[in-house]
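Dear colleague,

I am passing on a structure that you have not yet worked with, and my notes on what was found in it follow below. Please read them with the sequence and the model open beside you.

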Amino acid sequence: PDKNVLNKFEFFQNQLYLGRNSVSLNINDPALLDSHVMIEVLEKDLILHPQSGVESYLIDGKRSSTIRKIKINQVITIGATS
């Protein structure tokens, strides 16, 4: 919902939780659950895990609801946030 806001973040852990509250990265988006998705780093791969209660999310504009590998330069959309 914060249009045209880009930020760079650095994390030093292999599991990152994204959502509205009590997560690794808090996102001010009322469409998100408190813990919406988890991104896991496995060697050279990034794996996106939707959390309980998440019906779907978008990868490059295509709907997904399962655990998926994320590739470099893909756009992930959760709620109103990309």
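Two strands are said to pair if DSSP finds at least two bridges between them. With that in mind, Val 41 stands opposite Leu 46 in strand E4. Please also keep in mind throughout that this is a predicted model.

**The hairpin and its further partner**

The pair just mentioned belongs to strands E3 (residues 37–42) and E4 (residues 45–50), which run antiparallel and are joined by six bridges. Together E3 and E4 form a hairpin with two residues between them, and in that turn Glu 43 has a positive phi of about 55 degrees. Strand E4 is also joined to strand E7 (residues 68–70), again in the antiparallel sense, and here the number of bridges is three. On this side, Leu 48 has Arg 68 in E7 as its bridge partner.

**The open sheet**

Elsewhere, three strands form an open sheet whose order is E6-E5-E8, with antiparallel pairing. Strands E6 (62–64) and E8 (76–77) stand at its edges and have a single partner strand each, so one side of each is left without a neighbour in the sheet. Strand E5 (residues 57–59) pairs with E8 over two bridges, in the antiparallel sense, and Ile 59 is the residue that stands opposite Ile 76 in E8.

**Two residues to look at**

Is Ser 64, which lies in strand E6, buried or exposed? Ser 64 has a relative accessible area of 6%, and because buried means under 20% relative accessible area, Ser 64 counts as buried. Leaving aside residues up to four places away in sequence, Ser 64 touches Glu 55, Ser 56 and Tyr 57. Asn 4, by contrast, is 60 residues from Ser 64 along the chain, and the C-alpha atoms of these two residues are separated by 24 Å.

Phe 9 is found in the segment before strand E1 (15–19). Its relative accessible area is 45%, and because partly exposed covers the range between under 20% and over 50%, Phe 9 is described as partly exposed. Between Phe 9 and Lys 44 there are 18 Å in space, C-alpha to C-alpha, and the two are 35 residues apart in sequence.

**The protein as a whole**

How many helices and strands does the secondary structure of the protein come to? There are zero helices and eight strands, and read along the sequence the pattern is β-β-β-β-β-β-β-β. The radius of gyration is 12 Å, close to the 12 Å that the globule rule gives for 82 residues, so the protein is as compact as a globular protein of that length. Along its principal axes, the C-alpha trace spans about 30 × 25 × 25 Å.

Of the 82 residues, 32% are buried. The accessible surface of the protein comes to about 6,000 Å², and carbon and sulfur atoms account for 49% of that surface. Among contacts between residues at least 6 apart in sequence, 23% join residues at least 24 apart. As for charge, the protein has 9 positive and 9 negative side chains, and the centres of these two sets lie 7 Å apart.

With best wishes

Key: Residues numbered from 1 in each chain as written. Predicted model: local features only at pLDDT ≥ 70, side-chain atom pairs only at ≥ 80, totals over all residues. Heavy atoms only, no water. Helix = DSSP H or I, 4+ residues; strand = E, 2+ residues; numbered from the N terminus. Rg over C-alpha atoms; globule rule 2.2 N^0.38 Å. Buried < 20%, exposed > 50% of the residue type's maximum accessible area, 1.4 Å probe, protein only. Contact = heavy atoms within 4.5 Å. Areas by Shrake-Rupley, 256 points an atom, 1.4 Å probe, with all protein chains shown as cover. Lys, Arg positive; Asp, Glu negative; His and termini not counted. Charge placed at Lys NZ, Arg CZ, Asp CG, Glu CD.
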